[in-house]
Amino acid sequence: MKEDCVRTISLQEEKLYAFYLRESYPSHFFVGEMIQRDWNNEILIKLIAPDGASDGFLLFSFACAYRIEKDSIYLRALENKVKHNQIIINFGETAWDTLLRYAKEQEIAVQLRDRKWKRLVSGFVVDFTAQNMIVQRIKKNGKIGQSRSYRRERIGFLFCGSDSEIALMHLYQETQHER
């Protein structure tokens, strides 16, 4: 049996990229450090906020990016503000597995959007396979909703640990303390 190679990657060595994902909003882009790119062209990036702080993760298909920039004036200025850290990646896993395992183990909410940017669900990862994932929905009022299964090909963008998921998790925790 092939032994999986687990490596620690210093994100300090990574470059910042600007990913333009919505042609209808050309001034809207995500900045991040590319963590992993798979054979099936899925890209996992560590999102970076304008102040240089980490803003969660985003997984998407390379085909969804209509433009990618690097070494722009803005990105070079932002690189000086980035708070670098390390992340452990199992190179035997796909980016999909890496992100979903992380979200499940850390109990961090995820947000799924389709390829047209329609929000599918926000919630906790219950389980996942190579082709499906089950998400326990968190409603906008912070209460738990139904669990639903989503096929991988339906998901265009998978966010984990960004500001909107963190805010939803805080609301969820508040409703749990009210019980």
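## Charged side chains and their partners

At 37% relative accessibility, lysine 104 counts as partly exposed. Keep in mind that this is a predicted model. Let's look at who pairs up with whom, starting with the salt bridges: a search of the whole structure turns up 9 of them.

**Lysine 104 and its partner**
- Lysine 104 and aspartate 127 meet through their side chains in a salt bridge (3.8 Å, N to O).
- Lysine 104 sits in helix α2 and aspartate 127 in strand β9 (residues 119-128), so this pair ties together parts 23 residues apart in sequence.
- Aspartate 127 is partly exposed too, because its relative accessibility is 39%, in between the limits of 20% and 50%.

**Other salt bridges**
- Glutamate 33 and lysine 46 form a salt bridge with their side chains (3.7 Å, N to O).
- That pair links distant parts of the chain, with glutamate 33 in strand β3 (residues 30-37) and lysine 46 in strand β4 (residues 42-48).
- Both glutamate 33 and lysine 46 are buried.
- The side chains of glutamate 153 and arginine 151 also meet in a salt bridge, at 2.9 Å (N to O).
- Glutamate 153 is partly exposed at 48%, and arginine 151 is partly exposed at 41%.
- Lys15, Asp71 and Glu79 are joined up in a network of salt bridges.

**A positive patch**
- Arg119, Arg137, Lys139, Lys140 and Lys143 make up a positive patch on the surface.
- Lysine 139 is in the loop between β10 (132-138) and β11 (144-151), and its 34% relative accessibility makes it partly exposed.

**A buried threonine**
- Threonine 98 belongs to helix α2 (residues 95-106) and is buried, with just 4% relative accessible area.
- The side chains of threonine 98 and glutamine 36 share a polar contact of 3.2 Å.

How values were computed:
Residues numbered from 1 in each chain as written. Predicted model: local features only at pLDDT ≥ 70, side-chain atom pairs only at ≥ 80, totals over all residues. Heavy atoms only, no water. Patch = residues over 30% accessible without salt bridge, like charges linked within 9 Å, V, L, I, M, F, W, Y side chains within 5 Å. Areas by Shrake-Rupley, 256 points an atom, 1.4 Å probe, with all protein chains shown as cover. Salt bridge = Lys/Arg side-chain N within 4 Å of Asp/Glu carboxyl O. Lys, Arg positive; Asp, Glu negative; His and termini not counted. Charge placed at Lys NZ, Arg CZ, Asp CG, Glu CD. Helix = DSSP H or I, 4+ residues; strand = E, 2+ residues; numbered from the N terminus. Buried < 20%, exposed > 50% of the residue type's maximum accessible area, 1.4 Å probe, protein only. Polar contact = N/O pair within 3.5 Å; in protein donor to acceptor, adjacent residues only side chain to side chain.
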